[in-house]
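Subject: Structure handover and notes

Dear colleague,

Here is the structure I promised to pass on to you, with the sequence alongside. My notes on what was found follow below.

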Amino acid sequence: MEKVIRIIERGVVKVLLFPFGREEPIELTACGLCKNKIIAALVRLKYSQEEVEALLCEYVACATDKAAKQAFDGLMAYRRECKAEADKLMEEYEKLQT
């Protein structure tokens, strides 16, 4: 398996994640590294916080709107991909801790 995580000591950055085969890593601090933080970082690769809030608000406001439902479903499908990728990254992180 291609290396997907690397622990470093450079300032506040402690962990470099290479999700989805990316060449450019996501930098995270090792302090409090958990699956939820990784998922959030992965979601931000595609959706900004503002975009997520807008999609959620539009869907909640009118769940029967076809465009809002389609956009929401797209977000949720991507989030499921991020959860699976986060599981892989956490497994690799745990291996480095032993």
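Does Phe-72 count as buried or exposed, and at what relative accessibility? Phe-72 counts as buried, with a relative accessibility of 16%, although please keep in mind that this and everything below is read from a predicted model.

To begin with the overall layout, the chain comes to three helices and three strands in its secondary structure, and, going from the N terminus, these elements run β-β-β-α-α-α. Of the 98 residues in the chain, 32% are buried, while the accessible surface comes to about 6,500 Å², with 54% of that surface belonging to carbon and sulfur atoms. If one takes the contacts between residues at least 6 apart in sequence, 46% of them join residues at least 24 apart.

The aromatic residues deserve a paragraph of their own, since the structure holds three aromatic pairs. One of them is formed by Tyr-47 and Tyr-78, whose rings are tilted, with 5.9 Å centre to centre and 55° between the planes. Because Tyr-47 lies in the loop between α1 (35-43) and α2 (49-61), whereas Tyr-78 lies in helix α3 (residues 66-97), this pair ties together parts that are 31 residues apart in sequence. Tyr-47 is buried, with a relative accessible area of 13%, and Tyr-78 is buried as well, with a relative accessible area of 10%.

Another of the pairs joins Tyr-59 and Phe-72, and here the rings are stacked, at 4.1 Å centre to centre and with 0° between the planes. Tyr-59 belongs to helix α2 and Phe-72 to helix α3, so this pair ties together parts that are 13 residues apart in sequence.

Ring pairs also link Phe-20 with Tyr-47 and Tyr-78 into a cluster. Phe-20 is found in the loop between β2 (13-17) and β3 (26-28), and Phe-20 is partly exposed, with a relative accessible area of 36%. The backbone at Phe-20 is worth a look when you open the model, for this residue has a positive phi of about 55° although it is not a glycine. As background, most residues other than glycine have a negative phi.

Turning to the interior, the largest nonpolar core has 20 residues, and those with the most contacts inside it are Leu-17, Leu-28, Ile-38, Leu-42 and Tyr-47. Two or more residues of this core come from each of the elements β2, β3, α1, α2 and α3, and α3 gives the most, with seven residues. For Leu-42, once its neighbours within four places in sequence are left aside, the residues in contact with it are Pro-19, Phe-20, Ile-26, Tyr-78, Cys-82, Glu-85, Ala-86 and Leu-89.

Finally, a word on the cysteines, in case you were wondering about them. The structure holds zero disulfides. Cys-62 is partly exposed, with a relative accessible area of 34%, whereas Cys-82, which is among the contacts of Leu-42, counts as buried at 0% relative accessibility.

With best regards

Key:
Residues are numbered from 1 along each chain as its sequence is written. This is a predicted model: local features need pLDDT of at least 70, side-chain atom pairs count only at pLDDT 80 or more; totals for chains, interfaces and linings use all residues. Side-chain values use heavy atoms; hydrogens and water are left out. Rings of Phe, Tyr and Trp (its six-membered ring) pair if their centres lie within 6.5 Å; planes under 30 degrees apart count as stacked, over 60 as edge-to-face and the rest as tilted. Helices (H or I, at least four residues) and strands (E, at least two) are DSSP runs, numbered from the N terminus. Buried means under 20% relative accessible area, exposed over 50%, partly exposed in between (1.4 Å probe, protein chains only). A nonpolar core is a set of buried Ala, Val, Leu, Ile, Met, Phe, Trp, Tyr and Cys residues joined through side-chain atoms within 4.5 Å. Contact means heavy atoms within 4.5 Å. A disulfide is a pair of cysteine sulfur atoms within 2.5 Å. Accessible areas come from the Shrake-Rupley method with a 1.4 Å probe; for residues, only the protein chains shown count as cover.
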